[in-house]
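The following exercises ask the reader to work from a single residue outwards to the arrangement of domains. Each task is followed by a solution that goes step by step.

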Amino acid sequence: MSHDIKEISNKEDSISLKELNLMLRKKQKSIPTKFLYDDLGSKLFEDISNTEEYYLTRTEKKILNNYSSSILNVSGAKELLELGSGSSKKTKVLILEALKEKDNLTYISFDISTKALKMSYNELKNISSKLDIKLVQGDFINDIEKLQSTKEPRLYLFLGSTLGNFDNETAIKFLTNISQKMKKTDFLLLGIDKIKNKDVIKAAYNDKNGITEKFNKNILNVINKEYNLNFQPDKFNHLALYNEDKSQIEMYLKANSKQKIDILSEKIEINSGDKILTEISRKFSDTSINEIFEKSGLLSVKNFSDEKSYYSLYLLRSNQK
Ligand code: SAH
Ligand code: AVI
C-alpha cells in the first residue's frame with residue numbers, strides 16, 4: 001500500500017546550474033549537502049546508522065527509549081511534525097509511547113527525499129489505526145513557512161544531529177524560523193551530537209566497510225543526473241577529517257587525478273588533490289548550543305542525555321510567545 005506525498009518544494013528554489021558552477025570554482029569547492037539524499041543516498045544513510053562506528057543513531061534511540069514518556073508529559077503533544085525524518089525508525093519509539101495515552105495522533109513526516117518518506121510510511125503504517133500519517137516532500141531551509149499550522153499542541157522534531165550539518169548562520173536562521181512558527185503550546189525536540197574523544201568522532205565518518213565513502217561519492221551521481229554533468233566518482237577519494245578548532249567533521253571528495261568537468265559549455269579544471277566539501281557535521285558543548293538557542297528565540301526546558309554524555313536531546317519552547 002502506498003500513501004500520498006504532498007509536494008511543497010518549488011523547483012526554482014533549488015540552486016541553479018550557474019550557482020553550482022560558482023560553488024565548484026571557489027577556492028574551497030563545495031556541493032550542497034542536500035544532494036547526498038536521492039533514493040540510494042537515503043538507503044546508504046540508513047546503512048550508516050547501523051554501522052558499529054556510527055554511535056549517533058543508537059545513542060539517540062537509547063535516549064528516546066529512556067525518556068519518551070517524560071518528553072511527552074512535558075510537551076503534551078497531539079501532533080508530531082518531524083523535519084528531515086529519514087526512515088522514522090527512532091521516532092517510532094516516541095510514537096508508540098504517545099499512542100499509549102492518546103485516542104489519536106497525527107505524525108507528519110517531512111523530508112526532501114521521497115525514498116525517505118516511503119521508508120517512513122512503511123515503518124509506521126501498521127502500528128495503529130489511531131495514527132494518522134502525513135507525508136510532505138520539501139526543503140527544510142526554503143519551505144518551513146509553507147507548513148500548515150493547526151490548533152493542536154505540536155511537537156516539532158529535528159533529530160539525528162541534522163542541525164550539525166548547518167553553519168552557524170544557517171542554524172540560527174533555521175531555528176528562528178521554527179521558533180517564530182511555534183505556538184505557546186508547541187515544543188521542539190532537537191537531537192545534538194556532543195564534543196567527545198576525537199577518535200570516536202572520526203571513526204563514525206570513516207566506517208571500515210566503506211558505507212560512508214559510498215554515501216559521499218553518490219553525491220556526484222546525484223548532481224550528474226540533476227544537472228547533466230560528467231563527474232566520475234571513482235576519480236575521487238572519501239575524506240572525513242575532524243577539525244578540532246571548529247569541533248566539526250568536514251567531509252570532502254578529494255580528486256585522485258587531474259580532470260575536466262563540462263559545465264555550462266565551459267570546463268572546470270580539477271587538479272589531483274583538490275577537495276570538494278560535501279558536508280560539515282558539527283559537534284557542540286552545552287554552552288555552544290545554548291548560545292545558538294538564545295540567538296534563535298528558543299528556551300531549553302529540559303535536556304536528556306546518555307550515560308557517556310555522547311549525545312543530547314533538548315526540549316525547547318519559543319521565548320517569543
Ligand atoms: N532524522 C533522521 C534522518 C537524518 S539524515 C535520523 O535521525 O535518522 C538527514 C535527513 O534529512 C535525510 O532523510 C534527508 O533526506 C533529509 N534532508 C537533507 N536535507 C534536507 C533539506 N534541505 N530539506 C528537507 N530534508 C532534508
Ligand atoms: C544527517 N547527518 C546528521 C549525518 C551526520 O552525521 O552529519 C549525515 C552523515 N554524514 C556522514 N555520515 C552520516
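**Exercise 1: the setting of one residue**

In this predicted model, Ile144 is partly exposed, because 19 other C-beta atoms lie within 10 Å of its own, whereas a residue counts as buried if 20 or more do so and as exposed if 12 or fewer do so.

Task: Determine where Ile144 is found and which residues beyond its neighbours within four places in sequence are in contact with Ile144.

Solution. Begin with the chain itself, where Ile144 belongs to the loop that runs between β5 (131-137) and β6 (154-158). Next, set aside the neighbours within four places in sequence, and the contacts of Ile144 that remain are Asn177, Ile178 and Lys181. Finally, consider Leu83, which is 61 residues from Ile144 in sequence, while their C-alpha atoms are 9.1 Å apart in space.

**Exercise 2: the two domains**

Task: Describe how the protein is divided into domains, and establish which element gives the most to the side of domain 1 that touches domain 2.

Solution. First take the domain assignment, which gives domain 1 as 17-51 + 198-282 and domain 2 as 55-196 + 284-318; the centres of the two, taken over C-alpha atoms, are separated by 27 Å. Then turn to the contacts, in which 18 residues of domain 1 meet 16 residues of domain 2. On the side of domain 1 that touches domain 2, the elements that give two or more residues are α2 (39-49), α7 (198-204) and β12 (275-282), and α2 gives the most, with six residues. By class, this side of domain 1 has six nonpolar, five polar and seven charged residues.

Methods:
Residues are numbered from 1 along each chain as its sequence is written. Chains are lettered from A and ligands numbered from 1 in the order in which they are written. This is a predicted model: local features need pLDDT of at least 70, side-chain atom pairs count only at pLDDT 80 or more; totals for chains, interfaces and linings use all residues. Domain bounds come from an automatic or database domain assignment. Two residues are in contact if their C-beta atoms, placed from the backbone, lie within 7 Å. Helices (H or I, at least four residues) and strands (E, at least two) are DSSP runs, numbered from the N terminus. Ala, Val, Leu, Ile, Met, Phe, Trp, Tyr, Cys and Pro count as nonpolar, Asp, Glu, Lys and Arg as charged, and the others, Gly among them, as polar.
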